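Here is a short briefing to read alongside the structure. Take a look at the model first, and then let's walk through it by topic.

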Amino acid sequence: MTSSELWDHATADRYDTEEAPRSTAAFLGPTLDFLSELAGDGRALEFAIGTGRVGVPLRERGVPVTGIELSEHMAAVLRRKIDEDRLPVTVGDMATTVVRGTFSLVYVVYNTISNLLTQDEQVECFRNAARHLEPGGRFVVELGVPPLRLLPPTQTAVPFDVSERHLGFDTFDLVGQLLVSHHFTREEDGGYRRGSCRQRYAWPAELDLMAKIAGLQPERRVADWEGTPFTQDSGGHISVWRKPV
């Protein structure tokens with residue numbers, strides 16, 4: 001078991017509703033295009049597949065997908081959508097869990113690698129990806145760039161969403177390289193549900209070093225799934241590393 005926080009039954013049951021805007025065909029189109037092109041005629045392995053927001057439609061595009069997921073509750077929601085024969089899922093953590101076979105693509109999306117709260121575990125995640133890749137295969141990570149440029153002296157919090165139904169802000173531990181995302185979500189009765197999750201943020205250059213430790217070579221880095229060039233002002237990145245032939 002890694003340091004990742006385990007998502008419970010209630011969180012899993014409401015996850016698809018809360019992520020509905022990020023689950024539409026229009027929103028996911030560029031993501032699926034990007035991943036299916038890299039997978040080619042091979043198989044794909046998704047680390048932390050969750051409820052299948054990406055994995056299920058990628059499988060429906062014809063890419064054979066296998067998943068690893070730490071939360072049995074999240075995996076159970078996925079299983080309502082697609083059977084085990086079409087999309088097998090192993091319950092376990094993405095840093096150490098091994099599934100059978102090799103893959104042309106391993107990927108982890110939506111900042112999920114930051115759920116591993118230590119650098120050692122994140123390095124092991126890269127090693128686990130390399131372990132599952134066939135020669136020439138790619139590892140893809142979607143991750144935000146830490147918004148530390150927004151922090152004035154002595155301030156430790158940065159808002160990332162202020163809307164009618166949701167208030168969200170991150171607080172930072174700059175020494176431990178950790179952040180906590182705080183969420184206040186308005187319920188139908190007018191009250192607010194509070195939630196939080198811890199993450200370990202990592203810079204793109206740090207991920208490149210993790211990849212090097214795992215024997216992977218940098219191939220591409222863009223700002224989003226549409227392929228926008230990555231710059232110093234980008235709020236996130238899609239990074240691709242390749243296993244040498």
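Contact here means heavy atoms within 4.5 Å. This is a predicted model, in which local features need pLDDT of at least 70 and side-chain atom pairs count only at pLDDT 80 or more, while totals for chains, interfaces and linings use all residues. Residues are numbered from 1 along each chain as its sequence is written, and side-chain values use heavy atoms, with hydrogens and water left out.

**Overall build**

- The protein has six helices and eleven strands; helices (H or I, at least four residues) and strands (E, at least two) are DSSP runs, numbered from the N terminus.
- The radius of gyration of the protein is 18 Å, which agrees with the value near 18 Å for a compact globule of 245 residues; this radius is taken over C-alpha atoms, and the globule rule is 2.2 Å times the number of residues to the power 0.38.
- Along the principal axes, the C-alpha atoms fit a box of roughly 50 × 40 × 35 Å.
- Of the 245 residues, 47% are buried, where buried means under 20% relative accessible area, exposed over 50%, and partly exposed in between (1.4 Å probe, protein chains only).
- About 12200 Å² of the protein is exposed, with carbon and sulfur atoms supplying 53% of that area; accessible areas come from the Shrake-Rupley method with a 1.4 Å probe, and for residues only the protein chains shown count as cover.
- If you take the contacts between residues at least 6 apart in sequence, 60% join residues at least 24 apart.

**Two buried residues among the helices**

- Leu-58 belongs to helix H3 (residues 55–60) and counts as buried because its relative accessibility is 0%.
- Which residues does Leu-58 touch, not counting residues up to four places away in sequence? They are Leu-32, Leu-35, Ser-36, Ala-44, Val-63, Val-65 and Tyr-107.
- Leu-28 is 30 residues from Leu-58 in sequence, and their C-alpha atoms are 9.5 Å apart in space.
- Glu-19 sits in the loop between helix H1 (9–18) and helix H2 (25–39), and its relative accessibility of 13% makes it buried.
- Leaving aside neighbours within four places in sequence, Glu-19 is in contact with Arg-53 and Tyr-110.

**Salt bridges**

- The count comes to 16 salt bridges, each one being a side-chain nitrogen of Lys or Arg within 4 Å of a carboxyl oxygen of Asp or Glu.
- Asp-13 and Arg-80 form one of them, with their closest N and O atoms 3.2 Å apart. Asp-13 lies in helix H1 and Arg-80 in the loop between helix H4 (72–79) and strand E3 (89–91), so the pair ties together parts that are 67 residues apart in sequence.
- Within that pair, Asp-13 is partly exposed at 38% relative accessible area, whereas Arg-80 is exposed at 58%.
- Arg-138 and Glu-219 form a salt bridge as well, the closest N and O atoms being 3.0 Å apart. Arg-138 in strand E5 (residues 133–144) and Glu-219 in strand E10 (residues 217–222) are 81 residues apart, and the pair links distant parts of the chain.
- Both ends are partly exposed, Arg-138 at 22% and Glu-219 at 37%.
- Arg-193 meets Glu-187 in a salt bridge of 2.9 Å, N to O, and these two are linked with Arg-14 and Glu-18 in a network of salt bridges.

**Strand E7 and its partners**

- Strand E6 (residues 157–162) runs antiparallel to strand E7 (residues 166–173), joined by five bridges; two strands pair if DSSP finds at least two bridges between them.
- A hairpin of three residues connects E6 to E7, with Val-158 opposite Asp-170 and Val-162 opposite Leu-167.
- E7 also pairs in the antiparallel sense with strand E8 (residues 178–186), over eight bridges, and His-166 has Thr-185 as its bridge partner in E8.
- The hairpin of E7 and E8 has four residues between the strands, and Gln-177 takes a positive phi near 55° there.
- In a regular strand the side chains alternate between the two faces of the sheet. In E7, the covered face holds His-166, Gly-168, Asp-170 and Phe-172, and the uncovered one Leu-167, Phe-169, Thr-171 and Asp-173.
- Leu-167 is partly exposed at 34% relative accessibility, and with Val-162 and Tyr-192 it makes a nonpolar surface patch of about 300 Å². Patches are made of residues with over 30% relative accessible area and no salt bridge, where like charges are joined within 9 Å and nonpolar side chains (Val, Leu, Ile, Met, Phe, Trp, Tyr) within 5 Å.
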